[in-house]
Amino acid sequence: MPKHLVLQCRDGYPLAAQLWLPAGEARGSVIVSSATGVLARYYARYAGFLREQGYAVLTYDYRGIGGSRPASLRGVKIRWRDWGDYDFDAAVRWMRARDSEGLLVAVGHSIGGFLPGFATAATEVDRFFSVGAQYAYWSDYASAQRWQMFAKWHLFMPALTALCGYFPGRRLGWLEDLPAGVALEWAFRRARLESSYPAHERDEVLQRFAAVRAPILAVSVTDDEYGTLPAIERGLSYYRNSTCEHVRLSPAELGLARVGHFDLFHERHRHGFWQATLGWIDEGRNPWTTAPLESAECRAC
């Protein structure tokens with residue numbers, strides 16, 4: 001079982017977190033950052049797997065989500081950017097305070113693989129590993145589902161958010177409830193990330209992403225309706241001073257008929273995909289470079 005913690009962000013916001021400690025001395029540290037509207041406990045099995053491999057692992061709920069949710073979401077001013085600027089930042093600072101010299105790897109799913117660029121402390125991370133990482137710009141959705149997803153996330157979600165003062169996703173069975181600022185930022189995101197913020201903040205946003213120089217390995221799946229090739233490449237382009245490698249896996253290569261956006265953190269991947277991720281976490285080695293992938297490319301962002 002993990003040790004339960006409270007992380008204090010720079011602005012004083014408390015975050016619920018869990019620390020997974022190995023039986024012996026840790027060989028390094030890993031931070032796991034969630035997808036939008038997904039509880040940290042969804043990644044508990046993967047965190048437990050990494051602990052078994054000798055890593056100290058931190059999972060945490062973003063502000064407004066799960067254990068980091070206030071009594072009411074109505075009237076709460078939380079932006080998507082805050083999850084990186086404050087929350088991921090707090091996770092990095094806490095792990096660095098615990099081990100200032102050891103290996104620190106950040107694993108992020110969906111928005112959790114993109115938002116580290118908002119954090120000033122992201123420069124303290126040694127390498128990044130992302131799964132389906134993008135920021136949900138509507139025209140990047142898979143063409144077969146694009147208009148259905150547009151109606152769901154960019155018409156219905158903002159309308160219901162305006163009515164309720166937050167997005168009641170749990171009652172709909174659509175992820176967790178979301179703070180209004182997060183839901184509306186998702187709904188009205190522009191093609192250029194920085195255009196979603198006031199003009200006086202845009203240069204700083206770009207500079208923070210550019211400050212990250214650690215290598216990035218991004219994995220996406222060919223049947224992920226969110227993490228399409230354009231979506232992944234759009235997100236990676238902001239990390240222009242990092243060496244980025246993007247691997248596209250097909251469900252068949254993973255031994256399945258369907259994988260999609262969420263499945264890679266399911267227990268069924270323990271002896272396959274999870275085991276392969278250790279190549280990057282342990283050594284900074286892309287374990288899929290020699291695999292017969294549908295599309296795999298190394299690129300400098």
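In this predicted model, the buried residues of helix H6 (residues 180-187) are covered by elements that include helix H2 (80-98), helix H4 (146-164), strand E7 (166-167) and strand E8 (178-179). Helix H6 is mostly covered, since six of its eight residues are buried, and these are Ala180, Val182, Ala183, Glu185, Trp186 and Ala187. Trp186 appears again below, both among the residues nearest the centre of the largest pocket and among the well-connected members of the largest nonpolar core.

**Overall form**

- The chain contains nine helices and eleven strands, and its radius of gyration of 18 Å is close to the 19 Å that the globule rule gives for 301 residues, so the chain is as compact as a globular protein of that length.
- Along its principal axes, the C-alpha trace of the chain spans about 50 × 40 × 40 Å, and 58% of the 301 residues count as buried.
- When contacts between residues at least 6 apart in sequence are considered, 72% of them join residues that are at least 24 apart.

**Nonpolar cores and helix packing**

- The largest nonpolar core has 63 residues, and those that touch the most other members are Trp83, Phe88, Phe114, Phe128, Leu178, Trp186 and Leu193; helix H2 gives the most to this core, with seven residues.
- A second, separate core is made of 32 residues, including Ala35, Phe49, Phe273 and Trp274.
- Trp83, if its neighbours within four places in sequence are left aside, is in contact with Thr36, Gly37, Tyr62, Arg63, Ile65, Ile78, Phe88, Leu115, Leu178 and Val182; of these partners, Val182 is one of the buried residues of helix H6.
- In helix H7 (residues 199-211), the residues Glu201, Val205, Arg208, Phe209 and Ala210 are buried, and the buried residues of this helix pack against helix H2 and helix H3 (111-114).

**The largest pocket**

- The largest pocket holds about 200 Å³ of space and is lined by 16 residues, of which Trp153, Leu175, Trp186, Tyr226 and Phe262 lie nearest its centre.
- By class, the lining of this pocket divides into ten nonpolar residues, five polar residues and one charged residue.

**Enclosed cavities**

- A search of the whole structure finds three cavities of 30 Å³ or more, and the largest cavity has a volume of about 70 Å³.
- The lining of the largest cavity is formed by Gly113, Phe114, Ser130, Ala133, Ile216, Ala218, Ile232, Gly235, Leu236 and Tyr239, and the elements that give two or more residues to this lining are helix H3, strand E9 (216-221) and helix H8 (229-236).
- Helix H8 gives the most to the lining of the largest cavity, with three residues, while the lining as a whole divides into seven nonpolar residues, three polar residues and no charged residues.
- The second largest cavity holds about 40 Å³ of space and is lined by Phe88, Ala106, Val107, Gly108, Gly112, Gly113, Pro116, Phe128, Phe129 and Ser130.
- The elements that give two or more residues to the lining of the second largest cavity are strand E5 (104-109), helix H3 and strand E6 (127-131), and this lining has six nonpolar, four polar and no charged residues.
- Gly113 and Ser130 belong to the lining of the largest cavity and also to that of the second largest cavity, whereas Phe88 and Phe128, which line the second largest cavity, are among the residues that touch the most other members of the largest nonpolar core.

Definitions and conventions: Residues are numbered from 1 along each chain as its sequence is written. This is a predicted model: local features need pLDDT of at least 70, side-chain atom pairs count only at pLDDT 80 or more; totals for chains, interfaces and linings use all residues. Side-chain values use heavy atoms; hydrogens and water are left out. On a 1 Å grid over the protein atoms alone, a cavity is a set of points where a 1.4 Å probe fits but cannot get out, and a pocket is an open set with protein on both sides within 12 Å along at least five of seven lines; lining residues have an atom within 4 Å of a point. Grid points are joined across faces, edges and corners, and a volume is the space filled by probe spheres set on the points. Ala, Val, Leu, Ile, Met, Phe, Trp, Tyr, Cys and Pro count as nonpolar, Asp, Glu, Lys and Arg as charged, and the others, Gly among them, as polar. Buried means under 20% relative accessible area, exposed over 50%, partly exposed in between (1.4 Å probe, protein chains only). Helices (H or I, at least four residues) and strands (E, at least two) are DSSP runs, numbered from the N terminus. Contact means heavy atoms within 4.5 Å. A nonpolar core is a set of buried Ala, Val, Leu, Ile, Met, Phe, Trp, Tyr and Cys residues joined through side-chain atoms within 4.5 Å. The radius of gyration is taken over C-alpha atoms; the globule rule is 2.2 Å times the number of residues to the power 0.38.
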